[in-house]
Amino acid sequence: MIRIWLAQHWFVFVSTLKRLVAAPITTLLSVVIMGIALSVPVSIYVLVENLRLVMNEKNHPQMTLFLKHDIKQENIDKIRQDLQEHPQILGSEFIAKDIALQQLLEKSELPNTVKNLPRNPLPDAFVITVRDDSINNLRELQETLKSWPAIEFVQFDSEWIERLKALLQLGWSIVLMIVAISSIAIIAVMFNTIRLQIATKRDEIEISKLIGATDPFIRRPFLYFGALQGLAAGVIAWLIVFLLIHLINEQLIVFLHFYEIDFFLEPLSTENGLSLLFFSTVLGWLGARLSVSNHLWQIEP
Amino acid sequence: MITFKNVSKRYPNGYIALNNINLSINAGEMVFLTGHSGAGKSTLLKSIAAIERPTSGTITISGQNIAQLKPSAIPFLRRTIGIVFQDHKLLFDRNVFDNVLLPLQISNFDTHTAASRVRAALDKVGLLKKEKAMPITLSGGERQRLCIARAVVHRPTLLIADEPTGNLDIAYGRDIMSMFTSFNQVGVTVIISTHDASLLGNTQHRVLSLAQGNLLV
């Protein structure tokens, strides 16, 4: 029984493919329209995702801990130990006040002024890299560290992080909104395509009903039609995004070459690409399903 | 097998197609339904296959009340019936073989069994050599036979034919009639409507006459 059921589905699948290939222009047109509609949110998604990668992987948030002036070497070792054991902290680097002064001398435009200072005004410091980048956790960590007796001051630039986070959030919202709009466009295109299909297959539907076809049997070819076109639209969208990223990267390489920066955009991952295909297939199917249930009952023998 | 009890059909425009019909047809019987066009023959046949629903009364087939059948159960009723339509209802986008295949596809037959059944049905009506032909190239008589092949390919227990000899010349009509007789001889219940009384000749089968929606006894 399952074998027959599978054979039936295979038959419908093959005959649907044949039908799509038999009308290549019509098929291509609607698939390309749906593919373009899908490629817009996917492109923005890829750009936002790249932004997130740049932020997270390459730039973990950093904090600077300034120590008290009269601190002893053993206290410094103790702090280093504590920092290493802290689960939130990925790494720490000690900058002794002498080295800090040295760096200041090298960078300063007024080296003599600095040199003439009666004593080194700079404190010892640790620069730490933090695992978590949520603002609340960073604030909490800042408070904890501030309460350590040897630490005078904890500095980190929260505004910068917050701004970037807000930018990312905006990016995601835009992606979601355009996904919603594109989905509606795809469902609408599919709805109309299936409506026309049903009109041309009126006789077949009527006769099939007369000789005992169930509704699922009549629906099946249209659902396959919708799903297959949705899948093809997903492939087109993937292709468009791939080409787009490729072209941008070519330009980026030329541009960033002057700054000696080695950076390029990551294309859509295979995993996300497959999700895209799945999503577009479901959209095509859904458009077909809505159209069929809307139009089929009108054909009663 | 089939029982009509006080069956009436009134169309929304007030036209009464069937008026209080009572009849019963036994399993394995062959019955003719005669009357002028508009007498209600088609409506009566269609109501057996639940294509038309009676306004009142009950129709039972093998103990099942057709008038109260759920819409989802109707396809399964129709699969037990073979129908030869007055206007053939062939599909012109596929060849003879695929037209006959359709009922088997609908009833989930496997491809191999289906193919041999289609050929057997085409052989019975003498169209085996034309299985690749498109319906548009067939003559009126051939189309009628194609329609019969499609009606019997799934081996129904009940065969309904609405004016099967409608536009055919007498020789062709006799041919078709003898086909129905042979189906009846292997146990199929057959109901045939015709307005052409000459076709009946001196038949020994039961003849039901309809006039303006009433059954004449």
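This is a short tour of a predicted model, with stops in chain A and chain B.

**Stop 1: the domains of chain A.** Select residues 2-57 together with 163-298 in chain A and give them one colour; these stretches make up domain 1. Then colour residues 62-155 of chain A as domain 2. How far apart do the C-alpha centres of domain 1 and domain 2 of chain A lie? Place a marker at each centre and you should find 53 Å between them.

**Stop 2: chain B as a whole.** Now show chain B on its own, as a cartoon. Its fold has six helices and 10 strands. With 217 residues, chain B has a radius of gyration of 17 Å, close to the 17 Å given by the globule rule, so chain B is as compact as a globular protein of that length. Turn to the principal axes, and the C-alpha trace of chain B spans about 45 × 40 × 35 Å.

**Stop 3: a helix pair in chain B.** Next, select residues 96-106 of chain B, which form helix α3, and residues 111-124, which form helix α4. Their axes come within 9 Å and cross at roughly 120°. Because of that angle, α3(B) counts as oblique to α4(B). The crossing of α3(B) past α4(B) is right-handed.

Show side chains here to see who takes part. From α3(B), the contact uses Val96(B), Phe97(B), Val100(B), Leu101(B) and Leu104(B). From α4(B) come Ala114(B), Ala115(B), Arg117(B), Val118(B), Arg119(B), Ala121(B) and Leu122(B). Colour this contact by residue class and you will find 10 nonpolar residues, two charged ones and no polar ones.

How values were computed
Residues are numbered from 1 along each chain as its sequence is written. Chains are lettered from A and ligands numbered from 1 in the order in which they are written. This is a predicted model: local features need pLDDT of at least 70, side-chain atom pairs count only at pLDDT 80 or more; totals for chains, interfaces and linings use all residues. Side-chain values use heavy atoms; hydrogens and water are left out. Domain bounds come from an automatic or database domain assignment. Axes are lines fitted to C-alpha atoms, for helices over the stretch in contact, and angles run from 0 to 180 degrees between N-to-C directions. Helices (H or I, at least four residues) and strands (E, at least two) are DSSP runs, numbered from the N terminus. Angles under 35 degrees count as roughly parallel, over 145 as roughly antiparallel, 65 to 115 as roughly perpendicular and the rest as oblique. A crossing is left-handed if the near helix is turned anticlockwise from the far one by less than a right angle, and right-handed if clockwise. Contact means heavy atoms within 4.5 Å. Ala, Val, Leu, Ile, Met, Phe, Trp, Tyr, Cys and Pro count as nonpolar, Asp, Glu, Lys and Arg as charged, and the others, Gly among them, as polar. The radius of gyration is taken over C-alpha atoms; the globule rule is 2.2 Å times the number of residues to the power 0.38.
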